[in-house]
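Colleague: I should like a close look at a single helix of this chain, followed by its setting in the whole. Please proceed from the local picture to the overall one.

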Amino acid sequence: MFNQAMLSRYERSRQLAAELRDQLNGAGADQLSLHYQPIIKRERHVLGAEALLRWQHPEYGFINPADIVSLADDNGLGERLGEWIFDRVNRDLMPMAPERLTQLEVSINLSGSMFNEALPSRVARMLLASPLCADQLILELTETIALDDLKLSQHILSALQQLNVRIALDDFGTGWSSFSYLKELHFNKIKIDKSFIQQIDSHPRQQLFVSSITDLAHKLGVPVVAEGVETAAELAEVYELGADEIQGYFYARPMAAADFRAFCQRYLAHQPQAMAQIG
């Protein structure tokens, strides 16, 4: 039965879709932004970061990033959202000193509507105006995105990798087809979902899963990111199990662009390897 609650949800969704279109077209107050969460690598002279969508709405408050992506995909705005994200990354990173910028890698999440045959050409075009080189860009996708047509997915990933853009498989371990993905598609990085990492220091079964995933990935020549690391004990455990990169609150929460640029400056300036490389 159609009721008032359903009507309210529908009207809210319609309003937000219209406002999202305006935001992507630069109309009205700027409510959309990107925050950046650092990804700490074993080779400390390089710093990674994941760009994360943020929408602080004046009426509804914080809008969940997954809801933003769903709104975009459901209303034909997915590709436009992807262009906006890439343009904002470029704007946010442009003020960085060149010697710091060369030590940075940035990950951008793909939605289902962004992942199509035109993606490689769009990425190549957007890189022309970017302060990043192609090998500093990492595109993240979840296994649900490319399930429908593996042949097409192989073609898209191959074309992106020919540009020297890297591809990361996000949230690894949460879907039934995770290992099938590794067999059919070539990835440059695997991100182990935080559900396997949280409290790993006190759960031997989780340790076994993470150890097995890491060992398999390394045998395939693919580095591993441990997501959601929040404590020193978790950090020690995932490093012991062979994780190559760490993302989580233990090192830093997602931060606004200006704060992230300051974080980069502090972090990279205090790395002896980085100073030796620059000097």
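Modeller: Two residues are in contact when heavy atoms lie within 4.5 Å. Helices (H or I, at least four residues) and strands (E, at least two) are DSSP runs, numbered from the N terminus. This is a predicted model, in which local features need pLDDT of at least 70 and side-chain atom pairs count only at pLDDT 80 or more, whereas totals for chains, interfaces and linings use all residues. Residues are numbered from 1 along each chain as its sequence is written, and side-chain values use heavy atoms, with hydrogens and water left out.

The helix I have chosen is α9, which comprises residues 232-240. Its buried residues (under 20% relative accessible area, with exposed meaning over 50% and partly exposed in between, for a 1.4 Å probe and protein chains only) are Glu234, Leu235, Glu237 and Val238. Viewed down the axis of α9, these buried residues fall within an arc of 165 degrees, so they line one face of the helix; the arc is that of the directions from the helix axis to the C-beta atoms. An α-helix has 3.6 residues a turn, so residues three or four places apart point the same way. The partners against which the buried residues of α9 pack are helix α8 (204-219) and the strands β8 (224-227) and β9 (245-247). Just after α9, Gly242 adopts a positive phi of about 105 degrees.

Positive phi values also occur elsewhere in the chain, in residues that are not glycine. Most residues other than glycine have a negative phi. Gln199, however, has a positive phi of about 60 degrees. Gln199 sits in the loop between β7 (189-192) and α8, and α8 is one of the elements against which α9 packs. With a relative accessible area of 48%, Gln199 is partly exposed. Asp171 likewise has a positive phi, near 55 degrees, but Asp171 is placed in strand β6 (residues 166-172). Its relative accessibility is 25%, so Asp171 counts as partly exposed.

Two further positions extend the view to other parts of the chain. Ser33 belongs to strand β1 (residues 32-41) and, at 22% relative accessibility, counts as partly exposed. Neighbours within four places in sequence aside, Ser33 is in contact with Leu52, Leu53, Arg54, Trp84 and Arg88. Thr144 lies in the loop between β5 (137-141) and α6 (150-162), where its relative accessibility of 58% makes it exposed. From Thr144 to Trp55, 89 residues away along the chain, the C-alpha separation is 24 Å.

As for the whole, the protein chain contains eleven helices and ten strands. Of its 279 residues, 47% count as buried. Among contacts with a separation of 6 or more, 68% join residues 24 or more positions apart. A compact globule with 279 residues would have a radius of gyration near 19 Å, and the protein chain agrees, with 19 Å; this radius is taken over C-alpha atoms, and the globule rule is 2.2 Å times the number of residues to the power 0.38. Along the principal axes, the C-alpha atoms fill a box of roughly 55 × 45 × 40 Å.
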